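Below are my notes on this two-chain model, set out as numbered points for reading beside the coordinates.

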Amino acid sequence: MASETTLGSGRRNWLPAWLAGDTVQGIRRQRMVLGVLFLLPTLIGLIVFVLAPIVVAVALGFMKWNVFRPPEFYGLKNFTRLFQHELVGNSFSNTFVMMAMTVGMLEVFAISLALSVHRFARSRLAYIFRTVWFLPVLLSGVSVAVTLSYLFHTDFGVVNYYLGVLGIDKVPWLVSSDIVRFSVSLATVWRNLGFTFIIYLGGVSALPQEILEAATVDGARGLKRLWLITLPLLSPTILFATVIDVIRLLQFFDEPYVMTRGGPGDSSRTTVMMVYDTAFANLEFGYASSISVILFLIILAVTGFQFLLSKRWVFYQ
Amino acid sequence: MTVINRLSTRRRGDEDVVERIPDWMPRSAADWLAMVFMLIIGILTIMPIVWVVTTSLRTPAESFTVPPEWIPRDLYFGNYLQVFDEIPFVYQMGNSFFVTLSTVVGQLTTATLAGYTFARRYLPGRDGLFWVVLATLMIPYQATLIPLFIIISRVFGLADTLWSLILTALPTAFGTFLLRQYFLQIPGEYEEAAMMDGANQFQIFRRVYLPMVAPGMAILAVLAFNGKWNDFLTPLIFMNTTSRFPITLGINDLQRYMMTGSISVVLAAIVMATLPVVLVYVFGQRYLIEGLMVGGLKG
């Protein structure tokens, strides 16, 4: 009971004298000790598990190392090899194509959903919709990939059954090398839409109502208002969500790996799958690292490019 | 404006009656369009989930027949039992629980400690260190995986152990940033008041500041639980022994075993493996959605 009113009094004794809190120096020392102790786990962790690995990854990119023999310096040979390696180039183009399709669909659908549900913002219905759309985010990439690969089955899949009811021929979703990238992108959109939607919902509910109403009074309605007023006001959120989605989807792995293992042929093999196979199936750690370093640089470049470009279209109030 | 829109007059008998239109009622063509769009996306979202549940309850012979059956009739639970025969399901769920809960507790610990220090102004060089922490957010996880595997197996000797999955997930730049934002919102007067009462600096953290960032901790806990429970690539690389797999790898195996068998068994495993995340979501929904929306606003 007493400790509630006099927080910590009578417990001062467990501290050594030089840390006693009854002098200014003592308090300063307490803060220093505490600050250092509190930061250590995070700083050491980030150094050992994030910063050191990225440095090692770059270093390994310049080495030849197949685990059994010690690594040897290899110069730029890994990089010259990967630029001529058709499979690597192919994996980068697959990753870009699928990223572009997925992000395109994600942003359009998520913005539309956020603006739609905002019309019914305070109703129970909005809450129900929000909950339903978010459900797939809870599923693991593996579960989603397994489920949708059954649904997309050419002969027995539910999707083709309903398309058949509508009079549409069977679509070879996962067995045609032309369509498979689109199918995998659809699966990824299905799992991630709720996540991107929530980001936009935050942006939409923070839109300044006075400006929107003033625009309506001035005669901006419908699509005109959407294009000239609402979307520009929303542009900071669009930038944020797009950057996050692009970064995540350039590191695409779970869905294509489980749905197709990169097939048919290599038509849905992504860069991370390429890194994974090169390192852990072929045990070429140096070469795999050089591919992942290129991926890292591409992600940095694309993100930087998005921010640079954003000066032209993002509108900050 | 909205209030006026929500009222409509209707003639009832001899007098005009003003009625309140329910919030969910579309009032214009655009409203109707929005409603139809939301319904279509809602149906497309929910149908695969319903299909998973109903098909997991179908007998193996019927599991792949179309048209799909949207309302379960047989309620055949044999698929659920068969999951336990095909993969070490109990172990793998246990592994997932152990790894996920340890990661959540660990991330809460490291992130509150670091977030608190970064929010207070006492340590020299604090801002520089904070930028280093933020910069690590730019490094894609996938690019660090090969060295991470080498460090875990060669330096720590932890390959193929659950600890390898936990240890690498403990430092969290995102969580540190999130909790720092929460600590920043608490005024410094609380500290002065506590010092008047004779509290030392640790007690001020533990008993004054920490309880006030509970909402931020809840957000981090729910996000960390969801992320770690569903993690696939990390265990795929770190783990070799089937009985030590988390359940995501178990489902991947099960799908391959069942290529020629009943897909209902795989779907039953998916239902069971998803239940914990759904439970966490039901209790933590408010925090999860709030956390993601805060991220959007800050952008």
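1. In this predicted model, P235(B) counts as buried because 23 C-beta neighbours fall inside 10 Å, where 20 or more are needed. The residue belongs to helix α12 of chain B, which covers residues 233-238. If residues up to four places away in sequence are left out, P235(B) touches L165(B), F245(B), P246(B), T248(B) and L249(B). For one of these partners, T248(B), the separation is 13 residues in sequence and 8.6 Å in space, taken from C-alpha to C-alpha.

2. A pair with a much wider spacing can be set beside this: S153(B) and Q203(B) are 50 residues apart along the chain, and 39 Å separates their C-alpha atoms. S153(B) sits in helix α6 of chain B, and it is classed as partly exposed because it has 15 C-beta neighbours inside 10 Å, a count that lies between the limits of 12 or fewer for exposed and 20 or more for buried.

3. Two residues deserve a look for their backbone angles, given that most residues other than glycine have a negative phi. D160(B), which is not a glycine, has a positive phi of about 65 degrees, and its place is the loop between α6 (145-155) and α7 (162-167) of chain B. In chain A, L283(A) likewise has a positive phi, near 55 degrees, and lies in the loop between α12 and α13 (285-313). As for burial, D160(B) is partly exposed, with 13 C-beta neighbours inside 10 Å, and L283(A) is also partly exposed, with 13 other C-beta atoms within 10 Å.

4. Where is the cis peptide bond that joins a glycine and a proline in chain A? The bond is the one between G263(A) and P264(A), with omega at about -5 degrees, and P264(A) is in the loop that runs between α11 (254-260) and α12 (271-280) of chain A. This merits a check by eye, since most peptide bonds are trans.

5. On the overall form of chain A, the model shows 13 helices and two strands. The radius of gyration of chain A is 27 Å, whereas the globule rule gives 20 Å for 317 residues, so the chain is more spread out than a compact globule. Taken along the principal axes, its C-alpha atoms fill a box of roughly 85 × 70 × 45 Å. Of the 317 residues in chain A, 41% count as buried, and among the contacts in this chain with a separation of 6 or more, 67% are between residues 24 or more positions apart.

6. Chain B has 14 helices and two strands, and 40% of its 299 residues are buried. Of the contacts in chain B with a separation of 6 or more, 68% come from residues 24 or more positions apart.

7. The domain assignment divides chain B into domain 1 (2-82) and domain 2 (83-298). Between them, twelve residues of domain 1 of chain B are in contact with 13 residues of domain 2 of chain B. On the domain 1 side, the elements that give two or more residues are α2 (29-56) and α3 (78-86) of chain B, and the residues of that side comprise six nonpolar, five polar and one charged.

8. How many residues does each chain bring to the contact between chain A and chain B? Chain A brings 89 residues and chain B brings 76 residues. On the side of chain A that touches chain B, helix α2 (residues 24-61) of chain A gives the most, with 22 residues. That side of chain A is made up of 61 nonpolar, 21 polar and seven charged residues.

9. The last point concerns the nonpolar core. In soluble globular proteins, nonpolar side chains tend to be buried together. The largest nonpolar core here has 146 residues, of which A114(A), V266(B) and A269(B) touch the most other members. Helix α8 (residues 180-205) of chain A supplies the largest share of this core, twelve residues. Apart from its neighbours within four places in sequence, A114(A) is in contact with F197(A), Y200(A), L201(A) and V204(A).

Note on methods:
Residues are numbered from 1 along each chain as its sequence is written. Chains are lettered from A and ligands numbered from 1 in the order in which they are written. This is a predicted model: local features need pLDDT of at least 70, side-chain atom pairs count only at pLDDT 80 or more; totals for chains, interfaces and linings use all residues. Two residues are in contact if their C-beta atoms, placed from the backbone, lie within 7 Å. Helices (H or I, at least four residues) and strands (E, at least two) are DSSP runs, numbered from the N terminus. Ala, Val, Leu, Ile, Met, Phe, Trp, Tyr, Cys and Pro count as nonpolar, Asp, Glu, Lys and Arg as charged, and the others, Gly among them, as polar. Domain bounds come from an automatic or database domain assignment. The radius of gyration is taken over C-alpha atoms; the globule rule is 2.2 Å times the number of residues to the power 0.38. A nonpolar core is a set of buried Ala, Val, Leu, Ile, Met, Phe, Trp, Tyr and Cys residues joined through C-beta atoms within 7 Å.
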